[in-house]
Amino acid sequence: MTEQQVAERPTAPVSGDGGSRRSPRRLRGDDSSHARRPGSGFWVKLALVAIVDALGVYGILTAAGVHSWWIVASLALGLVIVNWAYFSRRAVPAKYLVPGLLFLLVYQLFTMGYTAYVAFTNYGDGHNSTKSDAISAISAQNQERVEGSAAYPVTVVLDGGELGFAVVQDGQAEVGTADQPLQPLDGATVEGGKVTAAPGVEILQFAQIAQRSDEVTQLVVQVSDDPADGTLRTQDGTTAYVFSPVLKYDASTDTFTDAKTGETYTPSDHGNFVSADGDVLQPGWRVGVGFENFTALFQDSRVSSLFVQVTLWTFAFAFLSVATTFFLGLFLAMVFNDPRVRGRKIYRSLLILPYAFPAFLSALVWKGMLNTSYGFVNKVLLHGASIDWLGDPWLAKLSVLGVNLWLGFPYMFLICTGALQSIPGDVMESAKLDGAGPFRVFRSITLPLLMVSVAPLLIASFAFNFNNFTLIYMLTGGGPDVVGAPLQIGSTDLLISMVYSVAFESGAARYGLASAVSILIFIAVGLISWLGFRRTRSLEEL
Amino acid sequence: MRRSILSALVVGAASLALAACSSGSGDDSGDGGASSTASSAPQLSGTLTVWVDETRIDSFKPLAKEYQEKTGVTVKLVQKASGDIRADFVKQVPTGQGPDVIIGAHDWTGQFVTNGVVQPIQLGDKKSDFEPVSVSAFTYDGSVYGLPYATENIALVRNNKLASDTPDTFDDLVTQGQGVVAKDSTVKYPVLIQQGAEGDAYHLYPLQTSFGAPVFKQNTDGSYTNEIAMGGDNGHKFAEYLQKLGKEKVLNVDIDGQKAHDAFIKGQSPYMVTGPWYVNDFKKANMDVTVLPVPSAGGEKSLPFVGVQGAFISAKTQNAILANDFVVNFLGSEAVQTELYKSGGRSPALTSALDKVDDPILKQFAAAAGTAPMPSIPEMDSVWQFWGKTEVQIISGKASDPDKAWDTMVSNIQKAIDG
């Protein structure tokens with residue numbers, strides 16, 4: 001349930017620099033001897049940096065091979081910084097900071113930046129690539145084989161250094177190139193309907209054709225002087241068919257024209273070719289759409305009806321999850337903190353067990369146990385009752401909270417146990433001497449002191465549960481669905497799973513929308529956490 | 001299978017960065033191979049990268065070797081996780097890092113075409129050599145985008161120990177099943193059709209089509225239009241029939257695929273509507289089974305969805321000629337289709353190979369197949385969900401008015417398609 005706890009543990013900076021263990025002043029002292037007799041640490045450092053350099057150079061070479069100049073530049077910069085940091089004597093702090101900073105850049109800042117970038121585009125199904133890709137895909141998809149035309153066994157030839165097709169039509173061998181429509185080829189040898197030899201042209205073997213794959217598949221030879229008769233094309237280098245384009249691209253006007261209807265399609269702001277009537281050609285391409293993704297969720301009439309309900313439930317779920325797990329964990333921690341309880345260690349280890357299972361696994365197991373007809377809960381615990389735990393809107397909400405309680409209380413139990421043991425015993429004793437009862441001690445001494453160390457973790461837990469996608473997705477899938485709702489949104493859907501449903505399960509994938517809304521959710525959670533942390537500061541002043 | 005959005009983005013961004021670092025795969029400029037002799041026929045060389053998921057890779061390993069021996073072209077099989085292969089292909093083809101060929105299911109066609117990541121395949125005169133339904137499955141907007149190699153569909157499987165003959169209508173079948181249940185105490189279900197909380201429109205589709213309510217209108221070439229055809233009176237009749245089966249407890253939402261499978265193997269039902277994927281388990285349990293078409297419930301012929309396996313060619317392949325040769329001429333040959341049937345256990349898509357299938361059960365499954373491929377429009381994911389969940393709501397009685405629930409479903413699906 002709570003990864004953040006792990007993340008908070010400070011990690012020791014990794015440094016391959018044995019020499020830096022000495023203080024800078026001392027280094028300067030025996031400068032000359034150090035340079036002459038480098039210690040073993042220096043060799044370790046040299047080897048490690050050499051490995052990093054080798055990997056970096058390999059990366060630069062391969063990235064340059066595929067013309068990814070951004071990656072070349074950032075890798076080169078990274079290498080320069082690493083080498084400077086570890087071989088300069090003045091860069092002692094950098095030796096500790098550089099690895100962390102580089103990883104921070106790659107894994108945090110780049111990802112955040114990329115998410116923000118995607119949020120402002122219409123990236124998703126139908127807008128997957130660049131405009132030139134879209135143009136070539138539309139052209140390729142809209143070639144129609146001329147009805148009733150034959151399949152030509154084709155010979156790929158070099159005619160005066162230019163690629164061409166040689167075919168046999170009505171017993172007559174003919175040859176043509178990109179600029180030259182089919183014309184008779186005299187003196188050609190024809191075997192099995194295929195030109196096998198001809199004077200003046202070089203016949204390409206299959207292996208040669210395969211090497212010039214791109215040129216051959218893109219070669220278009222007109223059947224006759226009249227372009228309307230269609231063009232010969234081949235996909236496999238052995239058979240050609242006569243095609244006529246349904247849609248034709250004109251680079252000068254940047255439009256597609258339908259050959260039959262004459263309808264023109266012009267590029268729109270949203271990355272599609274659109275006709276005057278509003279017909280849209282697929283695929284489109286990626287373009288920036290400004291803040292559209294951020295407002296789309298609120299403008300979609302299908303979403304707005306469910307939005308309030310889902311938001312309320314998200315807050316209720318996050319708050320109740322924290323509250324229930326905290327109080328159960330605290331209660332158990334106090335019980336097992338009492339020295340009169342025997343076998344405390346065994347109990348404590350057993351109680352931590354749910355925390356040791358992966359949450360998604362537990363959620364799946366619970367899903368099975370809560371099945372109406374076959375689940376363990378109904379069949380064994382309730383002697384064959386048929387309670388629809390996950391099918392009834394309110395029971396499903398209750399089940400989700402219950403399962404999350406089971407998953408989450410060990411964490412709270414752990415941190416409360418730790419915090420309780422750090423409360424000084426003399427404070428308790430003096431409270432008792434002053435005549436305070438157990439409840440009074442709890443309310444006025446234990447809880448406030450506990451809150452000082454635990455409150456920040458409760459806020460973190462709230463933020464985590466606010467986005468607890470795994471539990472909802474695995475346990476109920478957001479269900480049970482609101483009957484007749486226009487989207488796949490159910491009574492246990494949180495904001496994050498609702499976004500998943502809208503962006504990925506309602507037809508086409510919409511990465512732009514998903515990025516934008518996850519940024520909005522981040523802002524909401526960040527704001528709540530910030531307010532929460534400000535409040536906890538007042539606790540510390542106790 | 002599905003991850004949270006944020007982590008998906010992280011992975012996506014990281015994989016973009018990594019993809020740019022890895023060396024180009026599709027790009028190959030072999031230099032004609034052996035030139036030691038003065039022979040005018042240089043050897044073929046080059047590499048074809050083929051993506052295939054873990055469920056199919058074992059069938060393709062020997063084929064890759066065979067093609068290499070035959071032509072000299074190296075076929076590099078890359079195993080991708082079945083949950084990711086489709087999305088990864090859509091994401092990576094535009095970067096130029098995708099494969100030349102991807103092996104997959106026909107219902108990916110719509111998404112691939114709207115994203116412009118696959119190119120049309122010219123089957124030419126070979127088209128008529130394939131089972132018509134397998135070609136129409138890969139047809140989208142008039143062009144064929146994949147070469148089919150295997151088909152599969154569901155049908156009615158009968159446990160011959162519990163029933164020896166099968167009536168012509170589904171109502172009579174239910175009555176017969178209920179008779180068996182009454183007589184034999186180990187038998188609990190008249191017929192098993194798997195459902196589950198999310199519903200399973202796929203396994204109910206034979207019953208639905210028998211009411212004349214196919215999901216979309218079909219073109220003359222067998223491919224689908226975007227026009228929903230399951231609304232109206234025929235749809236209502238089917239919805240009402242579902243409610244009736246739910247009330248009679250013939251259909252039970254709690255019986256999912258695994259439970260139906262286990263119950264049938266334990267002999268708890270004379271009939272199960274399922275596909276060839278469970279047949280090996282039935283054989284292992286020494287069951288004597290016969291496969292039949294699902295009897296009609298509404299008067300018309302029942303048509304199960306046909307799923308087709310095939311190969312797509314990337315729109316950005318650098319080796320279009322070799323890719324076409326491998327896909328159309330090699331995978332489309334009778335010998336290879338037969339080999340794939342033997343290793344994969346699915347009916348071949350090539351008619352001449354299908355005629356030579358000797359497994360009686362597989363033959364019976366093929367005989368029950370109709371002319372209805374699964375639709376492949378990109379919005380199909382959401383169609384399945386609305387469809388399945390509405391059926392569940394009708395069966396479980398949560399939607400008390402089946403006609404109204406069905407109409408709402410149709411209008412919701414229409415909205416999802418319109419975007």
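Helices (H or I, at least four residues) and strands (E, at least two) are runs assigned by DSSP and numbered from the N terminus. With that in hand, the chain over residues 346-366 of chain A is 90% helix and 0% strand, with its end C-alpha atoms 25 Å apart. Over residues 42-61 of chain A, the figures are 100% helix and 0% strand, and the end C-alpha atoms are 28 Å apart. Both stretches appear in the UniProt annotation "transmembrane region" (unreviewed entry), which covers residues 42-61, 67-87, 96-120, 312-334, 346-366, 398-420, 441-464 and 511-533 of chain A. UniProt positions follow the numbering used here, feature names are shortened, and annotations may be inferred rather than shown by experiment.

The model is a predicted one, in which local features need pLDDT of at least 70 and side-chain atom pairs count only at pLDDT 80 or more, while totals for chains, interfaces and linings use all residues. Residues are numbered from 1 along each chain as its sequence is written, and chains are lettered from A and ligands numbered from 1 in the order in which they are written.

The domains of chain A come next. Domain bounds, which come from an automatic or database domain assignment, give domain 1 (3-119), domain 2 (143-245) and domain 3 (296-540) of chain A. Between domain 1 and domain 3 of chain A, 5 residues of the former are in contact with 8 residues of the latter; contact here means that the C-beta atoms of two residues, placed from the backbone, lie within 7 Å. Helix α6 (residues 92-119) of chain A gives the largest share of the domain 1 side, 4 residues. That side divides into 3 nonpolar, 2 polar and no charged residues, where Ala, Val, Leu, Ile, Met, Phe, Trp, Tyr, Cys and Pro count as nonpolar, Asp, Glu, Lys and Arg as charged, and the others, Gly among them, as polar.

A helix pair in chain A is worth a look. Two packed helices are described by the angle between their axes and the distance between the axes. Helix α11 (residues 301-337) and helix α19 (495-505) of chain A pack at an angle of about 150°, with their axes 9 Å apart. Axes are lines fitted to C-alpha atoms, for helices over the stretch in contact, and angles run from 0 to 180 degrees between N-to-C directions. α11(A) and α19(A) are therefore roughly antiparallel to each other (angles under 35 degrees count as roughly parallel, over 145 as roughly antiparallel, 65 to 115 as roughly perpendicular and the rest as oblique). On the α11(A) side, A:Val303, A:Val310, A:Thr311 and A:Thr314 meet A:Leu495, A:Met498 and A:Val502 of α19(A). By class, this contact has 5 nonpolar, 2 polar and no charged residues.

Chain A also holds an open sheet of 4 strands in the order β13-β14-β15-β16, with antiparallel pairing. Two strands pair if DSSP finds at least two bridges between them. β13 (247-250) and β16 (273-275) of chain A stand at the edges with a single partner strand each, so one side of each has no neighbour in the sheet. From one strand to the next, the twist averages 30°. β13(A) is joined by 4 bridges to β14 (residues 255-258) of chain A. A:Tyr249 stands opposite A:Phe256, and A:Leu247 stands opposite A:Asp258. The hairpin of β13(A) and β14(A) has 4 residues between the strands, and A:Asp254 there takes a positive phi near 60°. Further along, 2 bridges join β14(A) to β15 (residues 264-267) of chain A, with A:Thr264 as the bridge partner of A:Thr257. In the hairpin of β14(A) and β15(A), which has 5 residues between the strands, A:Gly262 takes a positive phi near 80°. Helix α7 (residues 131-141) of chain A lies across β13, β14 and β16 of chain A, at about 150° to β13(A).

Turning to the partner chain, 62 residues of chain A are in contact with 62 residues of chain B. The largest share of the chain A side, 6 residues, comes from α8(A). This side has 25 nonpolar, 30 polar and 7 charged residues.

Chain B itself is divided into domain 1 (43-152 + 307-368) and domain 2 (155-304 + 379-418), whose C-alpha centres lie 30 Å apart. Their contact takes 15 residues from domain 1 and 13 residues from domain 2 of chain B.
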